[in-house]
Amino acid sequence: MGQLGWGARESDAGTEYDVLKPDGSVIVSGKICWCDPRNGYYFVSESDGGIAVLYNADGSVVLEDVPYSFGNCPMPDFTTWEEGVVVSGVPYDRTGAKLGTDGRKIVGITAGSRPVFLDDGGFGILNTNGSVAIPDSLRYISDVMADGSIYVEENGTGVLHHYDSEMNVMADGALARAKAGERYADEERRAVIAPVEICDQDGQQIALLESEVDMGEVFSQADGVLKVGDWFYLYATDTTVQTYQFTPAE
């Protein structure tokens, strides 16, 4: 969508910040500036008052008054997402329209500008009018895929599901997900091992890998959920990468 950048320069009025296009040309300037190139937002303020105007990457206004602190950093209760923003627990889509919450604690925005809430059972997803699309039964919600779909993992069972942009279940065939387990000491190798469990779409283990890297994670281009044929990479040591492909048994 065109990556944004920002830069500082000295002007007659002191230091100003510019929001820049990839070619270096200036979109807008202000005393305070912040940029989120991943999700395509920026905000600009002409004062140090802690309130700024939030823009989409195309220059359209999302909200006229978003909070910031520490010079030009968003407040902890102001978060930006590909499908919208959450300010002080209130969700908005990219046009600035307020989304329904049904009185729930909103922690994010997912496919179709649907609010994500957190309750006793885990994460859940609301429709834009506040009705429940998926109840509070989730441990994990992926980023929004290019086709508008998302992957989710059930809390407790580890079962994986793939939903389209309308929250209908999609039939993908086999899916898998990697999870880091509790680290333990391998006295023979004199190393601390972080086991990485590969589980199928029903939450059952199909492989167990070992890593000596603190995080003990595998990395893939599938945002944590693997489809048949996807490659993933295990950092086995600080200097070793192992490459795998998810090919389930018939």
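**Strand pairing, a buried arginine and a nonpolar surface patch**

In the strand E6, Tyr55 is the residue that serves as bridge partner of Tyr42. This pairing belongs to a predicted model, and the bridge is part of the contact between E5 and strand E6 (residues 51–56), two strands that run antiparallel and are joined by four bridges. On the other pairing of E5, strand E4 (residues 32–36) is likewise antiparallel to E5, with five bridges between them. Within that pair, Asp36 has Tyr41 of E5 as its bridge partner. The hairpin formed by E4 and E5 has four residues between the strands, and in this hairpin Gly40 adopts a positive phi near 80°.

With respect to solvent, strand E5 (residues 41–45) is mostly covered, five of its five residues being buried. The burial extends to both faces of the strand, with Tyr41, Phe43 and Ser45 on one side and Tyr42 and Val44 on the other. Tyr42, the bridge partner of Tyr55 in E6, is therefore counted among the buried residues of E5, since burial is assigned under 20% relative accessible area.

A second buried site is found at Arg114, which is located in strand E13 (residues 114–119). Arg114 counts as buried because its relative accessibility is 8%, which falls under the 20% limit. Two polar neighbours of its side chain can be named: a polar atom of the Arg114 side chain lies 3.2 Å from the backbone oxygen of Ala111, and the side chain of Arg114 also makes a polar contact, again at 3.2 Å, with the side chain of Asn127. When residues up to four places away in sequence are not counted, Arg114 touches Gly108, Ile109, Ile125, Leu126, Asn127, Ser165, Glu166 and Met167. Asn127 thus appears both in this set of contacts and as the side-chain polar partner of Arg114.

At the surface, Phe219, Trp231, Tyr233, Tyr235 and Val241 make up a nonpolar patch of about 490 Å². Strand E24 (residues 231–237) provides the largest share of this patch, namely three residues. Trp231, one of the patch residues, is placed in strand E24. Trp231 counts as partly exposed because its relative accessibility is 45%, a value that lies between the 20% limit for buried residues and the 50% limit for exposed ones.

Notes
Residues are numbered from 1 along each chain as its sequence is written. This is a predicted model: local features need pLDDT of at least 70, side-chain atom pairs count only at pLDDT 80 or more; totals for chains, interfaces and linings use all residues. Side-chain values use heavy atoms; hydrogens and water are left out. Patches are made of residues with over 30% relative accessible area and no salt bridge: like charges are joined within 9 Å, nonpolar side chains (Val, Leu, Ile, Met, Phe, Trp, Tyr) within 5 Å. Accessible areas come from the Shrake-Rupley method with a 1.4 Å probe; for residues, only the protein chains shown count as cover. A salt bridge is a side-chain nitrogen of Lys or Arg within 4 Å of a carboxyl oxygen of Asp or Glu. Buried means under 20% relative accessible area, exposed over 50%, partly exposed in between (1.4 Å probe, protein chains only). Two strands pair if DSSP finds at least two bridges between them. A polar contact is a pair of N or O atoms within 3.5 Å; within protein, one must be able to donate a hydrogen and the other to accept it, and residues adjacent in sequence count only if both atoms are side-chain atoms. Contact means heavy atoms within 4.5 Å.
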